[in-house]
Amino acid sequence: MFVLELTYTAPLDAVDALLPDHVAWLEEQYDQGLFLASGRKNPRDGGVILAVADDRAVIEAAVARDPFAVGGVCTYRVTEFTATKTAPELERYRRTPG
């Protein structure tokens, strides 16, 4: 699993100008089963996405296509982790360490 943390690097009006394209991109990632949850940070200085993939390269390729990244209004911090405990709804993503 991956935690994607977005940090805005431009004023909110520039972010908002790209928001419709970013939302469409998010929908594509959900449709492909890549994203599990996403939303704005509070205060609104970026966002967070919970994602799943077998390979970090898949995540990095998706991030590179985000209109926010393409438009230069945010940076991404990608953190990979092994989910060893989950809520029942996320059990299929759980991994045993070792």
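**Exercise 1. Work out how the strands are arranged into a sheet, starting from strand 1 and strand 3.**

Step 1. Strand 1 (residues 2–8) and strand 3 (residues 46–51) run antiparallel and are joined by six bridges. Keep in mind that this is a predicted model. To pin down the register, look at Leu4: Ile49 in strand 3 stands opposite.

Step 2. Now take strand 2 (residues 35–40), which also runs antiparallel to strand 3, with five bridges between them. Here you get two register marks: Ser38 stands opposite Ile49, and Ala37 stands opposite Leu50. The link from strand 2 to strand 3 is a hairpin through five residues.

Step 3. Put the pairings together and you have an open sheet of four strands, in the order 2-3-1-4, with antiparallel pairing. Strand 2 and strand 4 (74–80) sit at the edges, each pairing on one side only. On average, neighbouring strands are turned by 15 degrees against each other, direction ignored.

Step 4. What packs on this sheet? Helix 1 (residues 12–31) does, and it touches strand 1, strand 2, strand 3 and strand 4. Its direction makes about 165 degrees with that of strand 2.

**Exercise 2. Find the largest nonpolar core and say which elements supply it.**

Step 1. Start with the head count: the largest nonpolar core has 19 residues. The residues with the most contacts inside it are Leu4, Trp25, Phe35, Ile49, Ile59, Phe68 and Tyr76. Two of those names should ring a bell, since Leu4 and Ile49 stand opposite each other.

Step 2. Next, sort by element. At least two residues each come from strand 1, helix 1, strand 3, helix 2 (56–65) and strand 4. Strand 1 gives the most, with four residues.

Step 3. Zoom in on Ile59. Skipping neighbours within four places in sequence, its contacts are Phe2, Leu4, Leu34, Ala51, Val52, Ala53 and Val78.

**Exercise 3. Hunt down the aromatic pairs and classify their geometry.**

Step 1. How many aromatic pairs does a search of the whole structure find? It finds three.

Step 2. Take Tyr8 and Phe68. Their ring centres are 6.0 Å apart and their planes make 85 degrees; edge-to-face needs over 60, so this pair is edge-to-face. Tyr8 belongs to strand 1 and Phe68 to helix 3 (residues 67–70), so the pair ties together parts that are 60 residues apart in sequence. Both Tyr8 and Phe68 are buried.

Step 3. Tyr30 and Phe35 are edge-to-face too, at 6.0 Å centre to centre and 90 degrees between the planes. Check the accessibility of each partner: Phe35 has 4% and counts as buried, while Tyr30 has 29% and is partly exposed.

Step 4. Finally, look for a cluster. Ring pairs link Trp25, Tyr30 and Phe35 into one.

**Exercise 4. Compare two residues after strand 4: is each one buried or partly exposed, and what does each contact?**

Step 1. Place them: Phe81 is in the segment after strand 4, and so is Thr86.

Step 2. Now apply the cut-off, which puts buried under 20%. Thr86 has a relative accessible area of 17%, so Thr86 is buried. Phe81, with 31%, is partly exposed.

Step 3. List the contacts, leaving aside neighbours within four places in sequence. For Thr86 they are Glu91 and Arg94. For Phe81 they are Met1, Phe2, Val3 and Leu50.

Step 4. Look at the polar side of Thr86. Its side chain reaches the backbone nitrogen of Glu91 at 3.5 Å. A polar contact of 2.9 Å joins the side chains of Thr86 and Arg94.

Step 5. One last distance: Phe81 and Val52 are 29 residues apart in sequence and 10.0 Å apart in space, C-alpha to C-alpha.

Conventions: Residues numbered from 1 in each chain as written. Predicted model: local features only at pLDDT ≥ 70, side-chain atom pairs only at ≥ 80, totals over all residues. Heavy atoms only, no water. Pairing = 2+ DSSP bridges. Axes fitted to C-alpha atoms, helices over the stretch in contact; angles between N-to-C directions. Contact = heavy atoms within 4.5 Å. Buried < 20%, exposed > 50% of the residue type's maximum accessible area, 1.4 Å probe, protein only. Polar contact = N/O pair within 3.5 Å; in protein donor to acceptor, adjacent residues only side chain to side chain. Core = buried A, V, L, I, M, F, W, Y, C linked by side-chain atoms within 4.5 Å. Phe/Tyr/Trp six-rings, centres within 6.5 Å; stacked < 30°, edge-to-face > 60°.
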